[in-house]
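Biologist: I have a protein open and would like to go through it with you. Can we start with the general picture and then look at single residues?

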Amino acid sequence: MNGFIGSDGVAAAAGAAADATAATAGCSGGGAEGLQRQLSRVSLCESDEEDSKLAEGYLGPLVPLRDHIERDKDDESLRRWKEQLLGSLPVESFDERLEPEVRLSSLTVIVEGRPDVIVPLPLVPNSRGSSFSLKEGTSYCLKFTFSVHHNLVSGLVYSNTVWKNGLRVDQTRKMLGTFAPHQDPYTHTIDEETTPSGILARGNYSAKMKFLDDDKRCYLDLSYSFEIRKEWD
């Protein structure tokens, strides 16, 4: 799953609940989730956390942005890669701070034929106590816009975990790439997903979204909730 939740996740949760019920009965004897902007992005394949450091784009120990430019100047391929990564960022704007920063500026749910659902940040629950609602059986995409500041971010990973009634029903981990500071934000759209249908699928879900890099720095730890309903209204 790449978005908030898909039908397979609910089916798995229902199966887990059924297994738990059967186990209880046996003991007691009773029953019961594409970059639109390509400049300054290095694509990496999805991999385990340890393997991600071996992928193209791992920058090594954290150093100031200016030092990244000075290093490996005699290596033509690395020089070109860094130029592409930094784009038109002027040298005089390079920040001497070591720690990079990633800021999520917007989160949008896109459903064809309907107005985009722009989730306000910081999150503000609606009258039903959720960040937003989706109709069952709806195809949607999740788009988020973020900016990078101070230094290069190596191996940025997006992860999203969803729970229903205390059971984890979906988990996504996607490698986004390596990003340089820019005046313009980056926009990434997750592949289209479809919300599950049926009485078991409807209801409230809790979720947690994270942005981490290959050194396990956490730039975003966002808890939110949403509701899957029979109808939009």
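Biologist: What area does the protein expose, and how much of it do carbon and sulfur atoms supply?

Modeller: The protein exposes about 12200 Å², and carbon and sulfur atoms supply 50% of that. Areas come from the Shrake-Rupley method with a 1.4 Å probe, and for residues only the protein chains shown count as cover. Note that this is a predicted model, where local features need pLDDT of at least 70 and side-chain atom pairs count only at pLDDT 80 or more, while totals for chains, interfaces and linings use all residues. Residues are numbered from 1 along each chain as its sequence is written, and side-chain values use heavy atoms, with hydrogens and water left out.

Biologist: How many helices and strands are there?

Modeller: Four helices and eleven strands. These are DSSP runs numbered from the N terminus: helices are H or I with at least four residues, strands are E with at least two.

Biologist: And how much of the protein is buried?

Modeller: Of the 233 residues, 44% are buried. Buried means under 20% relative accessible area, exposed over 50%, and partly exposed in between, with a 1.4 Å probe and protein chains only.

Biologist: Which residues form the aromatic cluster?

Modeller: Phe-144, Phe-146, Tyr-158, Phe-179, Tyr-186 and Phe-211 form one cluster. Rings of Phe, Tyr and Trp (its six-membered ring) pair if their centres lie within 6.5 Å; planes under 30 degrees apart are stacked, over 60 edge-to-face, and the rest tilted. The count by that rule is twelve aromatic pairs. One of them, Phe-146 with Tyr-186, is stacked, at 5.6 Å centre to centre and 20° between the planes. Phe-146 is in strand β5 (residues 139-149) and Tyr-186 in strand β8 (residues 186-189), 40 residues apart.

Biologist: Are those two buried or exposed?

Modeller: Both Phe-146 and Tyr-186 are buried.

Biologist: Why is the pair of Tyr-158 and Phe-211 edge-to-face?

Modeller: Because the planes of Tyr-158 and Phe-211 are at 70°, with the ring centres 6.3 Å apart. Tyr-158 is in strand β6 (residues 153-164) and Phe-211 in strand β10 (residues 203-212), 53 residues apart in the chain. Tyr-158 is buried at 0% relative accessibility, and Phe-211 is buried at 1%.

Biologist: In what sense do β6 and β10 pair?

Modeller: Antiparallel, over seven bridges. Two strands pair if DSSP finds at least two bridges between them. Trp-163 has Ser-206 in β10 as its bridge partner.

Biologist: What does β10 form with β11?

Modeller: A hairpin, with five residues between the strands. In the turn, Lys-216 has a positive phi of about 65°. β10 and β11 (residues 218-229) pair in the antiparallel sense over ten bridges.

Biologist: New topic. How many salt bridges are there?

Modeller: Six, where a salt bridge is a side-chain nitrogen of Lys or Arg within 4 Å of a carboxyl oxygen of Asp or Glu. Asp-213 forms one with Arg-217, with the closest N and O atoms 2.9 Å apart. Arg-217 also forms one with Asp-215, at 3.3 Å.

Biologist: Which residues are linked in that network?

Modeller: Glu-99, Asp-213, Asp-215 and Arg-217. Asp-213 is buried, at 6% relative accessible area, whereas Asp-215 is partly exposed, at 33%.

Biologist: What about Glu-136, which residue does it form a salt bridge with?

Modeller: Arg-202, with the closest N and O atoms 3.1 Å apart. Glu-136 is in the loop between β4 (132-135) and β5, and Arg-202 in the loop between β9 (193-194) and β10, so the pair ties together parts that are 66 residues apart in sequence.
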